[in-house]
Amino acid sequence: MKNLKLSLLLLLASIFTFSCSDDDNPEAVNEEEVITTLRLTLTPQGGGTAIVLQSQDLDGDGPNPPVITPMSAQLSANTTYDAIVQVFNELETPADNITLEVAEEDDEHQFFYEFTGAANSSASYTDADADGNPVGITTTISSGVVSTGNALTVTLIHEPQKDAAGVSSGDITNAGGETDVEVTFSYDVN
Amino acid sequence: MDVITLEYLKLKYILQTLLMKYFLTILAFAFIHLSFSQNCKYIFLGEVIDFHDKTPIIGATIYIKNLDKYVTSDVDGKFRIEKLCNGEITLVISHLACVTKTQTFVIKGDMAKTIALEHHIEELNEVSISAKAVKKNTVTAQESVIKSEVLKKYSSLSLGDALKEVPGISSINTGNTIVKPMVNGMHSSRLLIINNNVRLQDQDWGIEHAPSIDINSANQISVIKGSGALRYGGDAIGGVVVLNPARMILKDTLYGKTIASGQTNGRGFSLSSSLNKTFESGWFANVQGMVKQNGDFEAPDYILTNTGMQSQGFSINGGKKTFESGFEVFYSFLNNKIGILRSAHIGNIGDLVDAINSQEPFVVEDFSYDINSPKQEITHHLLKGLYYKRFKNFGKLSLQYDYQNNQRFEFDVRVGDDRDKPALDLNLQTHSVMADLILDSNLNRKMTFGLMGRYQNNFANPDTGVRRLIPDYDKYDFGIYGTSEWVINGKLTVDAGLRYDFNRINAKKFYQISRWEERGYDTDFSNTIIETQGSQYLTNPIFDFHNFSSSAGLKYSLDDDSYLLANYSLASRPPNPSELFSDGLHHSAARIELGDLRLNQEVSNRISASYNLDTPNLLLNVDVFYNRVNDFIYLKPSGIEQTIRGAFPVWEFIQTNASFYGIDVSANYEFTNNLQWSNTTSYIKANDVIEDKPIIDIPAFNTNNAITFSKPEWKSFSASLKSEWVFEQNEFPDFNFETFIASTDETILVDVSTPPPAYHLLHFYAEATIPISKQTTLNIGLNVNNLLDTNYRTYLNRLRYFADDLGRNILLQLQLNY
């Protein structure tokens, strides 16, 4: 009987607690692993001004499209650039450098660089994970010949099949996995 | 003069002296006078009546224990026992279909007593006399009952699989372990699932949220198409699924069963056991438990990596139930851990295109029992207390309280520190109270009234580090209903009912300011903003809904073997939290899903008719229906949005007017006592009448034929071969869209709409029952599903873009009844 009373009391108390929790506002969720920003820095080998390409999407899956700067990058013809890619979560202050996580789990990630247009540009990997497969945080990019309206698509794949045909040489076709970032930059080669 | 008379005279003299001396009462005199009398001359006049309506019970047997004599009640329910002495007599009154009653009377001279027996126990649905009785919940609705003999075949599967026994019932799946039942093309919030008289509250809004039900806890399942069963709720636009545990048997007995099974596909096992103890006094206790595990399932050509599942559940139930009053306490627990096909986790549209174009899933690994991300972990607790009391010549009042706690974790493929953190962590708690009053003193004019109150709280844990898909909310529901059932004459029964429901949903939700403005909420809902946090608004939308529902129908017996049913029902369903508040990327579908705060309730008007024939050789049931749903809520693509992950199609919840109509047929024909053929066929057509387009996700025409050979003499042996033929769905809305693939510089069509081709499967089932002792039998069942290992994909499986459905599965099942 005592137990019954006690449990009834607890029940009432719990209902009361539920009803009272009404006034507490929920906390906002800080999105932790969201990538808002991809920055690709191209430094010409043998000196010169670095070119920074950036895509920034601060509302994530919100309605605003990513902001891409510059509208169209200007590369020098027949030049090899040392490229480094970085990804950030700028919803956190200071911005969270997610490149570090990618580097830490480099066997589960790979950046792909694909070019369209008349420039005939190309990229080659200069880094590798513990298995000797490329990661693509650092690459060298050859600009190719003079042309306008070229496009470079940078894709970060989580859990790609790095052993599949062509994947380690940068062909995304058989990579599988899932896309964490897919950004397209326009550029001219002068 | 004999000795006794002499003694008597002596005594009388002494007594008279004493009387004079001590003024003893006349009563005392009489008492002593009698106790020495051998002259038993008193008469007991009894009348046996029906407890619930006071009508006489004719032909009841009255056994007078002390005298070892029998009498029978006459046409007025009366009986007469003569030559009784004073003192106690014990009568045992019994009658066909009544619970036998033993009653003791103290005889003090002639007396008359009324004894109430209950003659309509089966009809009044309280306790069961026989364990096998099939009990329907409705009179004029399209209701089909799946009995325990059939349910046992699904012990290792799910509720959604078992319900497909009924024509018109299909399922919408995410893989093969997340199976949501679909009634005449409707699922999720349009279906009510009632488990032991408790409406299941388990976040049923999502297609990938399977009902939190262990099928082994049910002894009988009823599927009611449409909203005719008003006492369960007024929003059953699709229908109601009612799961009932075994009914109480008023006997001193202990019984139970254990089902063990093993299967080749998924290399899984399942074990389920139940034990029931009942007493003639009405006390009872039941326990039931289940455990199952499967590893990766297999399609004919490859392993479906990460599709294993683990499930544990148990329920306990106890109380005292008699015809006149009773109480019950019920608790059930279920824990499901379900792996989702690894290849179905995709990042953007490009991945989806690749998946659709690839014949095989991208990730195929060796068989494993491991369940990795993506996966779901769901726990469901249900606690119920029930009390009822029956009043003579009036009816029955029952009161019920129930509490449910549903915890859902969904794990995505994540990186770094978040790897083991759920991406979704929702806790839904529901308290309900119900009071129902059944007035059944006149079985020809039954009435039921009821009240319902419910409080629900949803908590979305922010620790996931992922923006909430469903916000925190409090929901309040209140319902009141009345139904009535008239037996007009031997051929015609009519029923009708009315219900009103009030719902209030009070949510606290964060919106990205960009989304808030894009939706146009800044003009309509700016008063709901509580505060601004960075790029988000915290808002407090509160919505009230008033819902009316009603139902009316008739059942007309054409002759002894056949009847007709006709029913009209009106149902009204308020939008669910997902339809109101969704806002974000749905990973497995690679689309952005947006709710709408402006949605109002959908209203269904459903007309149905059935013909049922039951002859010794032929059983036939034909159901037809037309369901017009105004403001039907569904997801429709509306455009494409760019994100840093690439482009995503946007699907919005919108409202339209829709019409659904169809026909479901089931037939069973016995060629001989040993050979029978059965068929279930269903066809449904659904249209958006405003846009003149088909509705998405409607099951295609399908027909199942089975030939069964049975030989009761051979240990109840039976074997059947079943053909399942599902046509290609030709009526579907074209929601395909084009997307630009930057890496290859081309625009391609993303075909998310075209249904897969038709398929035909063969299944084999055989069983036999071996008696082991007087009380114990062993049933052995062998089930081969997809006998020919056919490759197929089903339109109503959300993973059809990624992989084939299951290949051949051989399942051996042993059931021990004791």
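Me: In this predicted model, helices (H or I, at least four residues) and strands (E, at least two) are DSSP runs, numbered from the N terminus. How many helices and strands does the secondary structure of chain B come to?
Reply: The count follows from those DSSP runs. For chain B the totals are nine helices and 45 strands.

Me: Which domains is chain B divided into, and what distance separates the centres of domain 1 and domain 4?
Reply: The division of chain B gives domain 1 (1–34), domain 2 (39–119), domain 3 (130–232) and domain 4 (239–817). The C-alpha atoms of the chain fill a box of roughly 135 × 70 × 55 Å along the principal axes. Taken over C-alpha atoms, the centres of domain 1 and domain 4 of chain B are separated by 82 Å.

Me: In the open sheet of chain B with the order 4-1-7, which strands stand at the edges, and why is one side of each left without a neighbour?
Reply: Three strands form this sheet, with mixed pairing, and the twist from one strand to the next averages 25°. Strand 1 (residues 42–50) and strand 4 of chain B run antiparallel and are joined by five bridges; B:F44 has B:I81 of strand 4 as its bridge partner. One side of each edge strand lacks a neighbour in the sheet because each has a single partner strand, and these edge strands are strand 4 (78–84) and strand 7 (111–117) of chain B.

Me: Which strand supplies the largest share of the largest nonpolar core?
Reply: This core has 82 residues, and B:A162, B:I194, B:I221, B:V223, B:V240 and B:V241 have the most contacts inside it. At least three of its residues come from each of domain 3 (130–232) and domain 4 (239–817) of chain B. The largest share, five residues, comes from strand 36 (residues 646–670) of chain B.

Me: Which residues does B:A162 touch, not counting residues up to four places away in sequence?
Reply: B:A162 is among the residues with the most contacts inside the largest nonpolar core. With residues up to four places away in sequence left out, B:A162 touches B:I146, B:L151, B:Y154, B:L157, B:I215 and B:I221.

Me: Which strand of chain A gives the largest share of the side that touches chain B?
Reply: The contact takes 45 residues from chain A and 46 residues from chain B. On the side of chain A, helix 1 (2–20), strand 7 (109–116), strand 10 (147–158) and strand 11 (178–189) each supply at least two residues. By class, that side has 15 nonpolar, 15 polar and 15 charged residues. Its largest share, seven residues, comes from strand 11 of chain A.

Note on methods: Residues numbered from 1 in each chain as written. Chains lettered and ligands numbered in written order. Predicted model: local features only at pLDDT ≥ 70, side-chain atom pairs only at ≥ 80, totals over all residues. Contact = placed C-beta atoms within 7 Å. Nonpolar A, V, L, I, M, F, W, Y, C, P; charged D, E, K, R; others polar. Domains from an automatic or database assignment. Pairing = 2+ DSSP bridges. Axes fitted to C-alpha atoms, helices over the stretch in contact; angles between N-to-C directions. Core = buried A, V, L, I, M, F, W, Y, C linked by C-beta atoms within 7 Å. Buried ≥ 20, exposed ≤ 12 C-beta atoms within 10 Å, placed from the backbone.
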